[in-house]
Amino acid sequence: MKDRAGRRRARRIAIGTTVVLALAGMNGPWLYRFGSEKYHQYQINRPEYKAANGHWEIIEFPEEYRQNTIHAALLHTGKVLLVAGSGNNEDNFDAKKFDTRIWDPVKGTIKKVPTPTDLFCTGHTQLANGNLLIAGGTKRYEKLKGDVTKAGGLMVVHNENPHKPMTLPAGTKFTGKRNGKTFVSKDPVLVPRAKKVYDPVTGEYLRNDPGRGRVYVEAQKSGAKYQTGAQDNYRVQGLNGVDTRNTYGMAEKLALDKKDFQGIRDTYEFDPVAERYIKIDPMNEARWYPTLTTLGDGKVLGVSGLNDIGQLIPGKNEVFDPKTKKWTYTSTLRQFPTYPALFLMQNGKIFFSGSNSGYGPAEVGRDPGVWDVKTNEFTKVPGLSDADQMETSATVLLPPAQDETYMVVGGGGVGESTKSSNKTRIIDLKADKPRYVDGPTLEKGTRYPQTSILPDDSVLVSGGAEDYRGRGDSNILEARLYHPESNTFRQVADPLVGRNYHSGSILLPDGSVMFFGSDSLYADKANTKPGKFEQRIEIYKPPYLFQGSRPSLSGGPQTIERGGSGTFTSQQASTIEKARLIRPSASTHVTDVDQRSIALDFTTSGDKITVTVPKNRNLVPAGWYMLFVDDERGTPSEAQWVRVP
């Protein structure tokens with residue numbers, strides 16, 4: 001019996017070996033990959049590996065809660081606002097399907113939030129009251145040249161009547177006096193009344209300066225024969241009496257050229273407690289791809305964008321006052337490309353790093369420098385390497401913010417250029433003569449890199465792509481920690497998901513980093529298969545989360561005045577070496593001008609730690625912050641939320 005059982009067992013082993021050998025012969029590479037992948041998973045999940053390199057994990061929401069996230073912001077409730085709007089999906093836009101989600105990273109819950117309009121490619125910043133200001137978005141999707149069937153463009157409507165403004169409804173018809181072609185307005189337009197002009201010396205009346213309004217118009221019918229090639233005056237149909245003479249249109253070429261996205265004026269505050277949008281007064285200018293930067297007095301500067309007819313706004317910037325809820329133009333003009341990286345400096349001026357994302361001429365407004373908004377004085381800063389490759393680069397205010405040193409990472413050529421830069425550039429704005437110098441290089445030219453300040457003063461640099469929107473399967477699955485004190489990179493665990501256009505990252509209160517989005521143009525190296533929007537969220541847990549226990553932090557005041565102090569409890573108070581106040585992120589299109597990490601002076605006594613907030617309101621804009629303390633190993637506590645009024 002034993003011999004027969006042994007023979008059967010031997011036969012089974014032999015058969016099994018034969019099958020494995022046969023599989024190895026036919027599928028050697030598959031077997032190697034299978035084994036290699038298992039070994040890789042074993043390696044990256046070892047405690048020693050995590051403690052040195054950190055760890056990535058994917059969070060995939062139930063299908064009914066997934067969306068094409070374009071914007072994300074950390075709220076002072078600890079939840080994350082995820083905004084898609086139409087999510088770069090024209091079918092969603094046409095169906096008025098606009099999405100927002102709120103995700104609780106602690107409880108793992110996700111909730112749908114009614115979204116009032118298309119907040120795709122809006123601007124946002126944190127307000128002093130804890131709300132998120134959101135301004136701009138999408139009025140119309142772009143149409144590429146081959147997709148445009150009706151000739152169209154800008155119609156400037158003139159009103160020479162000094163006694164009354166004119167309102168022309170959507171659908172108003174304009175007929176050329178010379179070309180005889182008729183075009184139809186897509187929106188209503190308000191045309192101010194004319195202004196009477198007098199001679200300042202004699203006081204004599206000279207003329208009326210017409211009021212002007214602009215509106216996008218299209219030909220009534222499709223076809224190239226309805227294009228125009230030159231400027232013409234246009235009669236406005238449907239008017240009577242003197243209005244016929246006083247109101248007219250003027251347009252240059254109306255053609256089948258590419259039509260860019262068009263912006264909206266809508267402005268909202270998102271209330272994190274009520275978890276809803278609150279509509280407030282609109283901007284003076286429609287904006288698509290704008291940047292909002294909080295100023296030291298709590299007001300918000302709104303800059304750049306494409307307007308309601310798809311043109312880059314010609315330097316008409318404006319400021320939002322949270323007290324009056326009103327927008328007012330700045331007194332002077334200053335033009336930037338869209339989504340410019342604009343940071344509040346400690347002297348109240350604005351630093352433009354040169355980073356931007358998207359639209360604007362290659363020769364206008366792209367020089368980095370320091371901008372005094374009040375006087376409009378702009379002082380250029382020299383030394384920027386790969387200066388023609390700043391589009392889709394990232395800029396981060398290196399910690400601590402008091403040092404006023406910035407790093408620009410990667411970038412690419414203007415528009416759909418194949419150029420990409422592997423440079424980092426660093427500038428100390430406290431230097432006598434600020435000048436960019438090159439920092440450590442990246443392994444590859446990198447568009448769309450994500451940069452997140454961590455509570456241990458390192459900066460996580462991750463993802464991106466070598467080519468425009470990840471063309472040629474060029475996503476970069478690499479991550480590095482930058483250490484400002486040594487000016488060095490250290491490679492850490494590789495992300496699992498590629499991130500390029502329409503992606504971003506957010507530091508969470510537990511010290512981990514959330515990554516969202518990515519919108520590849522193609523899904524293969526040959527650029528033949530359309531890409532698919534990346535809807536998965538990925539979390540990176542830095543090495544400090546795998547190095548044993550963390551210092552505790554509890555109690556303390558919820559509000560600390562500038563120059564004031566607050567006392568918190570920590571069982572590890574005697575081991576604390578750093579205290580940092582980190583402003584929560586509002587991220588989109590490689591642009592996050594909110595995030596900053598401010599060093600706090602502190603003292604300890606027993607299990608108490610007392611922190612003091614700096615007095616400078618330009619260094620510490622009003623609002624909610626995450627307070628972290630780090631022990632001697634560089635391990636941070638979980639954050640306590642603190643409001644600076």
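Which residues have the most contacts inside the largest nonpolar core? Let's start there, and keep in mind that what you have in front of you is a predicted model.

The residues to find are F351 and L581. They sit in a nonpolar core of 34 residues, the largest one here. Several strands feed into this core with at least two residues each: strand 31 (405-409), strand 42 (576-582), strand 46 (608-612), strand 47 (623-631) and strand 48 (640-644). Zoom in on F351 and look at what surrounds it. Leaving out residues up to four places away in sequence, F351 touches A341, L342, F343, M345, G369, V370, V381, Y406, I427, L429 and Y436. There is also another core, apart from that one, with 31 residues. If you want to find it on screen, A72, I506, M626 and W641 are among its members.

Okay, how far does the predictor trust itself? The average pLDDT for the protein is 93, and 95% of the residues score at least 70. Residues 1-31 are another story, with pLDDT below 50. Beyond near neighbours in sequence, that stretch has two contacts in the model.

Now on to charges. Side chains of opposite charge can pair when their charged atoms come close. How many salt bridges does the structure hold? There are 37 of them, and I'll walk you through a few.

Take E57 and K541. Their closest N and O atoms are 3.8 Å apart. In sequence, though, these two are 484 residues apart, with E57 in strand 1 (residues 55-59) and K541 in strand 40 (residues 537-541). E57 counts as partly exposed because its relative accessibility is 32%. K541 is partly exposed too, at 27%.

Next up, E275 and K111. This salt bridge has its closest N and O atoms 2.7 Å apart. E275 is in the loop between strand 20 (267-271) and strand 21 (276-280), while K111 belongs to strand 5 (residues 109-112), so we again have a link between distant parts of the chain, 164 residues apart. So, buried or exposed for E275? With a relative accessible area of 12%, E275 is buried. K111 comes out at 39%, which means partly exposed.

The third pair is R480 and E443, meeting at 3.5 Å, N to O. Here the separation along the chain is 37 residues: R480 lies in strand 36 (residues 479-483), and E443 is in the loop between strand 33 (437-438) and strand 34 (450-453). R480 is buried, at 12%, whereas E443 is exposed, at 51%. One more thing on charges: R214, E285, D308 and K316 are joined into one network by salt bridges that share partners.

A quick stop at a serine. Where is S417? Look in the loop between strand 31 and strand 32 (424-428). S417 counts as buried because its relative accessibility is 19%, under the 20% cut-off. The S417 side chain reaches the backbone nitrogen of K419 at 2.9 Å. Setting aside residues up to four places away in sequence, S417 also touches R447, D467, Y468 and R471.

Last topic, the aromatics. A pair of aromatic rings is described by the distance of the centres and the angle of the planes. Searching the whole structure turns up 26 aromatic pairs. In one of them, F120 and F261, the ring centres are 6.0 Å apart and the planes sit at 65°, so we call that edge-to-face. F120 is in the loop between strand 5 and strand 6 (123-126), and F261 is in the loop between strand 18 (247-251) and strand 19 (262-263), 141 residues apart. F120 is buried, at 1%, and F261 is buried as well, at 5%.

Then there's F183 with Y234, also edge-to-face, with 6.1 Å centre to centre and 80° between the planes. This pair joins strand 12 (residues 182-185), home of F183, to strand 17 (residues 232-236), home of Y234, and the two are 51 residues apart. Relative accessible area is 0% for F183 and 0% for Y234.

To finish, which residues form one aromatic cluster? That would be F93, F120, Y141, F261, W288, Y289, Y339 and Y359. You'll recognise F120 and F261 in there, the edge-to-face pair from a moment ago.

Key
Residues are numbered from 1 along each chain as its sequence is written. Side-chain values use heavy atoms; hydrogens and water are left out. A nonpolar core is a set of buried Ala, Val, Leu, Ile, Met, Phe, Trp, Tyr and Cys residues joined through side-chain atoms within 4.5 Å. Buried means under 20% relative accessible area, exposed over 50%, partly exposed in between (1.4 Å probe, protein chains only). Helices (H or I, at least four residues) and strands (E, at least two) are DSSP runs, numbered from the N terminus. Contact means heavy atoms within 4.5 Å. A salt bridge is a side-chain nitrogen of Lys or Arg within 4 Å of a carboxyl oxygen of Asp or Glu. A polar contact is a pair of N or O atoms within 3.5 Å; within protein, one must be able to donate a hydrogen and the other to accept it, and residues adjacent in sequence count only if both atoms are side-chain atoms. pLDDT is the predictor's confidence in each residue, from 0 to 100. Rings of Phe, Tyr and Trp (its six-membered ring) pair if their centres lie within 6.5 Å; planes under 30 degrees apart count as stacked, over 60 as edge-to-face and the rest as tilted.
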